[in-house]
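Me: I am new to this structure and should be grateful for a close look at a single part of it. Please choose one helix and explain how it sits among its surroundings.

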Amino acid sequence: MLNQILDDCKKQLLAALKHKKHPFRFFTLATQTQNGKINLRTVVLRDFDSEKMHFNIFTDARSKKTNELKQNDNAQFLFYDSKRMVQLVVQANMIKIFNDDLTYDALPESNKKDYSSLQLPGSKIKGPDQLNHDNSKGYFINIEFKSSSFEYLRLKRPNHIRAIFTLYDSWQGQFLVP
Ligand SMILES: Cc1cc2nc3c(=O)[nH]c(=O)nc-3n(C[C@H](O)[C@H](O)[C@H](O)COP(=O)(O)O)c2cc1C
């Protein structure tokens, strides 16, 4: 049964890459600042390698999360499927930040805007329309993470199911008290 749970997590993560409405398409990424403060934000799952257990996201090279991950590569992801009442918490480390020009060049111009503001992400502006872009000079980057544990919880009657899978345990898995 543990095998099936891990397989289902992988299946759902792969499905989220294909289906825009999949609940795992968006997840919460937690990073830590140098003084120990936690920052959370929603991001899109851009790639998942079920063999290596690697995850990828796209972001702006000037973003806070990028700077935090450069200082401290520890990250945590929270995936939640409200229909199935499944929560998946992933412990991960950032392993690679790279300019992915091929992917950026292939994006529609409207999407390039998410990574090409002239003003710094998070800086003050007078209003949402006061933003200028230069799509030829994007700050698009691809960040890759290696995961080291998956903690699964499914709320379900009569028995909730909680299990932990770790890289150090060769992803075999162990049930936990919910
Ligand atoms: C639905 C949704 C999806 C988002 N996807 C991304 C994303 O894939 N990459 C990203 O950098 N920011 C994404 N954002 C914006 C982030 O949540 C965040 O506000 C922004 O990246 C700045 O974060 P930071 O200052 O902590 O780096 C998304 C926001 C929402 C609401």
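Reply: The account below first sets the scene and then turns to the helix α2.

The model is a predicted one. The protein has 178 residues, of which buried residues make up 20%. It holds 4 helices and 9 strands, and from the N terminus on these elements run α-β-β-β-β-α-β-β-α-α-β-β-β. Along its principal axes, the C-alpha trace spans about 55 × 35 × 30 Å. Among the contacts with a separation of 6 or more, 57% are between residues 24 or more positions apart.

The helix α2 covers residues 64-71. Which of its residues are buried? They are Lys65, Glu68 and Leu69. Seen down the axis of α2, these buried residues fall within an arc of 95°, so they line one face of the helix. A general point about geometry is useful here: an α-helix has 3.6 residues a turn, so residues three or four places apart point the same way. The face of α2 turned away from the buried side carries Lys70 and Gln71, which are exposed. As for what lies against the buried residues of α2, they pack against β1, β2, β4, β5, β6 and β7.

One contact of this helix can be followed in detail. Leu69, one of the buried residues of α2, is touched by Ala75. Leaving aside residues up to four places away in sequence, Ala75 also touches Leu29, Ala30, Thr31, Ala92, Asn93, Met94 and Phe145. Ala75 belongs to the largest nonpolar core, a set of 27 residues, in which Ala75, Leu45, Phe77 and Leu88 touch the most other members. At least two residues of this core come from each of α1, β1, β4, β5, β6 and β7, and β7 supplies the largest share, 6 residues. In general, nonpolar side chains tend to be buried together in soluble globular proteins.

The helix also takes part in the surroundings of the ligand. Of the 14 residues around the ligand, Arg41, Thr59, Ser63, Lys64 and Lys65 come nearest. The elements that give two or more residues to this shell are β2 (38-44), β4 (54-60) and α2, with β2 giving the most, 5 residues. By type, the shell divides into 6 nonpolar, 5 polar and 3 charged residues. Lys65 thus appears in two parts of this account: it is a buried residue of α2, and it is among the residues that come nearest to the ligand.

Note on methods: Residues are numbered from 1 along each chain as its sequence is written. This is a predicted model: local features need pLDDT of at least 70, side-chain atom pairs count only at pLDDT 80 or more; totals for chains, interfaces and linings use all residues. A residue is near a molecule or strand if its C-beta atom, placed from the backbone, lies within 6 Å of it. Ala, Val, Leu, Ile, Met, Phe, Trp, Tyr, Cys and Pro count as nonpolar, Asp, Glu, Lys and Arg as charged, and the others, Gly among them, as polar. A nonpolar core is a set of buried Ala, Val, Leu, Ile, Met, Phe, Trp, Tyr and Cys residues joined through C-beta atoms within 7 Å. A residue is buried if 20 or more other C-beta atoms lie within 10 Å of its own, exposed if 12 or fewer, and partly exposed in between; C-beta atoms are placed from the backbone. Two residues are in contact if their C-beta atoms, placed from the backbone, lie within 7 Å. The arc is that of the directions from the helix axis to the C-beta atoms.
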